[in-house]
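Colleague: I have a structure to go through and could use some help reading it. Can we take it step by step?

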Amino acid sequence: MRVLVTGGAGFIGSHIVDALLEKGVDVAVLDDFSSGRRENLPEGVPVYEVDVRDPEAVRAAFAEFAPTHVSHQAAQISVAVSVKQPLRDASVNVLGGLNVLEAAREVGVRHVVFASTGGAIYGEVPEGERADESWPPRPASPYAAAKAAFEGYLEVYHRQFGLRYTALRYGNVYGPRQDPHGEAGVVAIFARHLLAGKPVTVYARREAGDDGGVRDYVYVGDVVAANLMALGGDLEGVYNVGTGRGRSTREVLRTVARALGVEPRVEPAGVRPGDLERSVLDPSRLESSGWRAEVAFDEGIRRTVEWFKENPF
C-alpha cells in the first residue's frame, strides 16, 4: 500500500500520516501549507508542496509518487469563511477535490478515503435525535453543500470508473495539533485563549448568552482509527464518525477550563452565520464494523490541553 495524504501537514492529516508510518506504510504528503505546518510532519516523509486547485501540479505529484490509496483530508474547513467566500470554498472543496480524483484515476488509485462532514451536512438535528447516514443532506452553509457535492462525485467516479471510496462524515474533531487561529476548532481556541489569560467568545445557539450550539465532539485518535479501517479496505460507502452524544459550547468551555484549573472570562456573542443549533451523529453503522470512540471526552480534553501547554501555537 502506498498512501498519498492530501492536507497531510494539517491537524487530522498529520495524525493519519503518523499512524500509517507506525504500520510501515509508504506515505507521502500533498499540502500547500496554507494552514498545515511542517513541524507536524516527521523527517523523511516525501512532501509535495501543491495546492489542490492546481491540476497540473496535482497530476505531477500523483505521477511521481504513484499511490495506490489516497486519504483526501485537504479542505477549506471554516463554515464562516464559506459563507463569506463561497467561491473560494467551492474552488478548494469541489474543484480541488476533482483535481485529486482525476489524478487518482490517471495513476490507477484503488481507493479514496474522503474527509466529509457529519457536523454540517445533515442540517439541524432535532432535540433527542441523532442523524444516521440515511438522513438526506440538508446543507445550511456553502461548506456543507460542497462536501455533499463531492460525495456525489465520489459515487459517480465509483460507478463510471470503478474507483472505490469511503466518505467519513466527521463530527467536531478535536485534539493535539488543532489550529487555534481563525474561526474553526473551538477546543483549540478555548485552550489557547485560556492559557494566554484572554477572554473567550461563546457564539449563541439562538441568542447571545445561552449555552451555544450543540455538537458531537470526537477525539482525533478515534478519527484516525476510522481512517485506517477505511484505507485497509474494511469500509466502503458513507459512515458517520462521532460519539452519538451532543455537548454545548459552554460545556466544552467548562471542561477545558477545569483541565487548566482556571476560571474563564466569557464574551457572549450572537449566532454565527452558517452555524447550526444542534448536530449529533449516529455512529451505529461504523460501530457495527468494529470501530468505537475509545477516548472519553474529559480524557481527550486533558490530552489536548497538555499538548497546548507544551506547544505554544
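Modeller: Yes. A term to start with: a nonpolar core is a set of buried Ala, Val, Leu, Ile, Met, Phe, Trp, Tyr and Cys residues joined through side-chain atoms within 4.5 Å. Also, this is a predicted model.

Colleague: How many residues has the largest nonpolar core?

Modeller: The count is 54. Among the residues with the most contacts inside this core are Ile 12, Leu 20, Leu 168 and Tyr 170. Helix 8, residues 220-231, gives the largest share, 7 residues.

Colleague: Where does this core lie with respect to domain 1 and domain 2?

Modeller: Between them, because both domains give residues to the core. Domain 1 covers 2-172 + 217-241, and domain 2 covers 179-216 + 245-281 + 295-310.

Colleague: What is Tyr 170 in contact with, leaving aside neighbours within four places in sequence?

Modeller: The list includes Ile 12, Gln 73, Val 223, Asn 227, Val 241 and Leu 281. Apart from the largest core lies another one, of 30 residues, with Ala 74 and Tyr 165 among them.

Colleague: New topic. What is the strand order in the open sheet of 7 strands?

Modeller: The order is 3-2-1-4-5-6-11, and the pairing is parallel. Strand 3 (47-49) and strand 11 (237-241) are the edge strands, each pairing on one side only. From one strand to the next, the twist averages 20°.

Colleague: And how many bridges join strand 4 and strand 5?

Modeller: Strand 4 (residues 69-72) and strand 5 (residues 111-117) pair over 4 bridges. His 69 has His 111 in strand 5 as its bridge partner.

Colleague: Which strands does helix 2 lie across?

Modeller: Helix 2 (residues 55-65) lies across strands 1, 2, 3 and 4, and runs at about 170° to strand 2.

Note on methods. Residues numbered from 1 in each chain as written. Predicted model: local features only at pLDDT ≥ 70, side-chain atom pairs only at ≥ 80, totals over all residues. Heavy atoms only, no water. Buried < 20%, exposed > 50% of the residue type's maximum accessible area, 1.4 Å probe, protein only. Helix = DSSP H or I, 4+ residues; strand = E, 2+ residues; numbered from the N terminus. Domains from an automatic or database assignment. Contact = heavy atoms within 4.5 Å. Pairing = 2+ DSSP bridges. Axes fitted to C-alpha atoms, helices over the stretch in contact; angles between N-to-C directions.
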